[in-house]
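Me: I'd like to learn how to read a protein model feature by feature. Could you walk me through one?

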Amino acid sequence: MDCLFCAIINGDIPSNKVYEDDKILAFRDINPQAPVHVLVIPKTHIPSVDGINEENSSVIAHIFETIPKIAKSEGLTSGYRVVSNCGDHACQSVKHLHFHILGGSQMLDRMA
């Protein structure tokens, strides 16, 4: 499998980790779109939101239980945005499910 995020999980490519446990990894985005831009990924390869199913949904629940802890540790006390792009038309650049935590400044009220 030729997956950038799987290579990061395996330690083949370095990352600036902010959180890790047995199910997920969170690290700083190399092309930040906000003052705080952290990616949260499952350690199990799931291609996108479309790949979430009964067998892996507990990992996704764990991600969403952990996101507030990561946001707090990053000082995002006034709010933050969580985004996941799904597919080519949404500009999903890495075909491994990931969630962007964006914050550190006032967000625009438009999503597009």
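Me: What percentage of the 112 residues of the protein count as buried?

Reply: Happy to help, and please keep in mind that this is a predicted model. A residue is called buried when its relative accessible area is under 20%. Here, 39% of the 112 residues fall into that class.

Me: How many helices and strands does the protein have?

Reply: Start by counting the elements, then read their order. There are two helices and five strands, and along the sequence they follow the pattern α-β-β-β-α-β-β. The protein is as compact as a globular protein of its length, because its radius of gyration is 14 Å, close to the 13 Å that the globule rule gives for 112 residues. As for overall dimensions, the C-alpha trace spans about 40 × 30 × 25 Å along its principal axes.

Me: Which way do strand 1 and strand 2 run, parallel or antiparallel?

Reply: To call two strands paired, look for at least two bridges between them. Strand 1 (residues 17-20) and strand 2 (residues 24-28) are joined by three bridges and run antiparallel. The link between these two strands is a hairpin of three residues. You can find one facing pair by looking across from glutamate 20, where leucine 25 of strand 2 stands opposite.

Me: How many disulfides does a search of the whole structure find?

Reply: The test is a distance: two cysteine sulfur atoms must lie within 2.5 Å. The search finds zero such pairs in the whole structure. Cysteine 6, for instance, has the sulfur of cysteine 3 as its nearest cysteine sulfur, 3.6 Å away, and is in no disulfide.

Me: Why is cysteine 91 without a bond to cysteine 86?

Reply: Cysteine 86 holds the closest cysteine sulfur to that of cysteine 91, but the two are 12 Å apart, which is too far for a bond. The surroundings are worth reading too. Cysteine 91 is exposed, because its relative accessible area is 59%, whereas cysteine 6 is buried, with a value of 14%.

Me: Which residues make the nonpolar surface patch of about 240 Å²?

Reply: For a patch like this, look for neighbouring nonpolar side chains that each have over 30% relative accessible area. Phe64, Tyr80 and Val82 make this one. Valine 82 belongs to strand 4, which covers residues 80-83.

Me: Is valine 82 buried, partly exposed or exposed?

Reply: Partly exposed is the term between buried, under 20%, and exposed, over 50%. Valine 82 has 32% relative accessibility, so valine 82 counts as partly exposed.

Key
Residues are numbered from 1 along each chain as its sequence is written. This is a predicted model: local features need pLDDT of at least 70, side-chain atom pairs count only at pLDDT 80 or more; totals for chains, interfaces and linings use all residues. Side-chain values use heavy atoms; hydrogens and water are left out. Patches are made of residues with over 30% relative accessible area and no salt bridge: like charges are joined within 9 Å, nonpolar side chains (Val, Leu, Ile, Met, Phe, Trp, Tyr) within 5 Å. Accessible areas come from the Shrake-Rupley method with a 1.4 Å probe; for residues, only the protein chains shown count as cover. A salt bridge is a side-chain nitrogen of Lys or Arg within 4 Å of a carboxyl oxygen of Asp or Glu. Helices (H or I, at least four residues) and strands (E, at least two) are DSSP runs, numbered from the N terminus. Buried means under 20% relative accessible area, exposed over 50%, partly exposed in between (1.4 Å probe, protein chains only). The radius of gyration is taken over C-alpha atoms; the globule rule is 2.2 Å times the number of residues to the power 0.38.
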